[in-house]
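Dear colleague,

I am handing over the structure we spoke of, and I would be glad if you could look through it alongside the notes below.

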Amino acid sequence: MLFLFFFILALAVVALGLEWLIEQPGSLTLEFAGWHMEASIPVAVAGLLLLIATVIVVWAIVVALIRLPRRMAGGSRERRRERGLDVISQGLVAVGAGDLARARKAAALAERLLPGEPLTQMLNAQAAQLSGDHQAAAKAFHKMTLKPETKLLGLRGLHIEAKRRQDAEAAHHFAKAAHEIAPLPWAGSAVLEHHAAGGDWEKARAAVEANLAAKAIDAATAQNLRAVIETAMAMEKEREHPHDALRLARQALKRRPGFPPAAATAARVLIHHGDRKQALKLIETVWATKPHPDLAEVYFEALPDESNSQRVARIEKLARLAPDAPESRHILAQAALSARDFTKAREALAPLVAAGQHPTAHTCLLMAEIEDAQNGPSGPVREWLARGSRAPRDPAWIADGVVSKHWLPISPVSGKLDAFEWKIPPHSAQHLTEEGQPNIPAAFLARQPASLEAPASGAGGVAQ
């Protein structure tokens, strides 16, 4: 409304001005090079305005003609770019769908249309990966590292390619380079796992702190990783530096209360140095909340000089701390069997084999051992062995589909730190052997060679 008002006002002012100009007497005379021109004031002003308008139009036409080739070229480039981006989009879809022929065709066309586009290099790399041409993929990723905006993506691709060909040093180099540019979770994790795979626990611990400071991991994850690293360090120092090993194991327990590997390591150190009472107390404290077969094994180790009856009494005390846990019933049955107290052994396992229950492989094997020790080879022994072969599997240390008799700080498959979990393994799980497992630190293997023994097949594939 306000604009309309001012527009009308401006028209009125212009009309008044023109009226005033027309009413003025006089004329305008121009003499130039023998020419004589005379016109009234209104005609002269109109001629001047027409001349200005003509100059403006001619100038606009000249400028437009000058810019025409550039505009035509720009339009062609824009159309070329639009087509190139469309081709890249189709190519990425083809890669996702696994259509190798379409992906290759799109990559070649994109290279002609948009050779300098980062997405073109990405499409080239993914098409090469899809076809199995890892050399071409690495070449494409290397091109991406030459531009600041795609350098991190290129380093990630080169890291993946290096891991695929099992070049640990190259993978670490690319991950470290990326981590120095930006604190990315994948790069920080890769640096950490590299140090852990080499058994360089001090650098691994420093990497955890760096990842936490960069917010690549949260505080809870950092605490768990610290506990794993300190437990691994304690296990390596267990024989030659027991005091350091005990300190590290206890520190790991503070960070991760009830962590069985740390508790078992601390208890072993105490036992080997004559402090059996403290070792038993430590295991009993952890057993009350997290009973575990690894702790049961160390508990038995702490009772070498006691009689069978004394040992059974101690085991009964331990079992009462977690009376409903299968681990408590297993350890009590084993102690009673060693003492040839078959009645007590059967009573310990009775709730696990009662009607409606599904006893695990280890429970069935214990029942077979009790029958064999009491009655010799017989039908019940074979029956329990047969049940054990079909029974649910017992929990075990498992990481990346691999079962280990003992806990390990890293996965032998992926090299991931803190990968092993205590859980029921799938039927497809494989048992870990020392051969062909380069990801396990040599120092750790030297400390505990038994940790890589495959469990007996009769136990349903799970050692207890």
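What follows is a short account of two helix pairs.

Please bear in mind throughout that this is a predicted model.

The pair that comes earlier in my notes is formed by helix α6 (residues 151–164) and helix α7 (residues 168–181), whose axes come within 8 Å and cross at roughly 160°. Since angles over 145 degrees count as roughly antiparallel, α6 is therefore roughly antiparallel to α7, and the crossing of the two is left-handed. On the α6 side the contact involves Lys151, Leu152, Leu155, Leu158, His159, Ala162 and Lys163, which meet Ala170, Ala171, Phe174, Ala175, Ala177, Ala178 and Ile181 of α7. Sorted by class, the residues of this contact comprise 11 nonpolar, one polar and two charged.

The other pair consists of helix α16 (residues 326–338) and helix α18 (residues 361–375), which pack at an angle of about 15° with their axes 11 Å apart. Here the relevant cut-off is that angles under 35 degrees count as roughly parallel, so α16 and α18 are roughly parallel to each other; the crossing of α16 and α18 is left-handed. From α16, the residues His330, Ala333, Gln334 and Leu337 meet His362, Thr363, Leu366, Glu369, Ile370 and Ala373 in α18, and the contact of α16 with α18 is made up of five nonpolar, four polar and one charged residues.

With best wishes

Technical notes. Residues are numbered from 1 along each chain as its sequence is written. This is a predicted model: local features need pLDDT of at least 70, side-chain atom pairs count only at pLDDT 80 or more; totals for chains, interfaces and linings use all residues. Side-chain values use heavy atoms; hydrogens and water are left out. Axes are lines fitted to C-alpha atoms, for helices over the stretch in contact, and angles run from 0 to 180 degrees between N-to-C directions. Helices (H or I, at least four residues) and strands (E, at least two) are DSSP runs, numbered from the N terminus. Angles under 35 degrees count as roughly parallel, over 145 as roughly antiparallel, 65 to 115 as roughly perpendicular and the rest as oblique. A crossing is left-handed if the near helix is turned anticlockwise from the far one by less than a right angle, and right-handed if clockwise. Contact means heavy atoms within 4.5 Å. Ala, Val, Leu, Ile, Met, Phe, Trp, Tyr, Cys and Pro count as nonpolar, Asp, Glu, Lys and Arg as charged, and the others, Gly among them, as polar.
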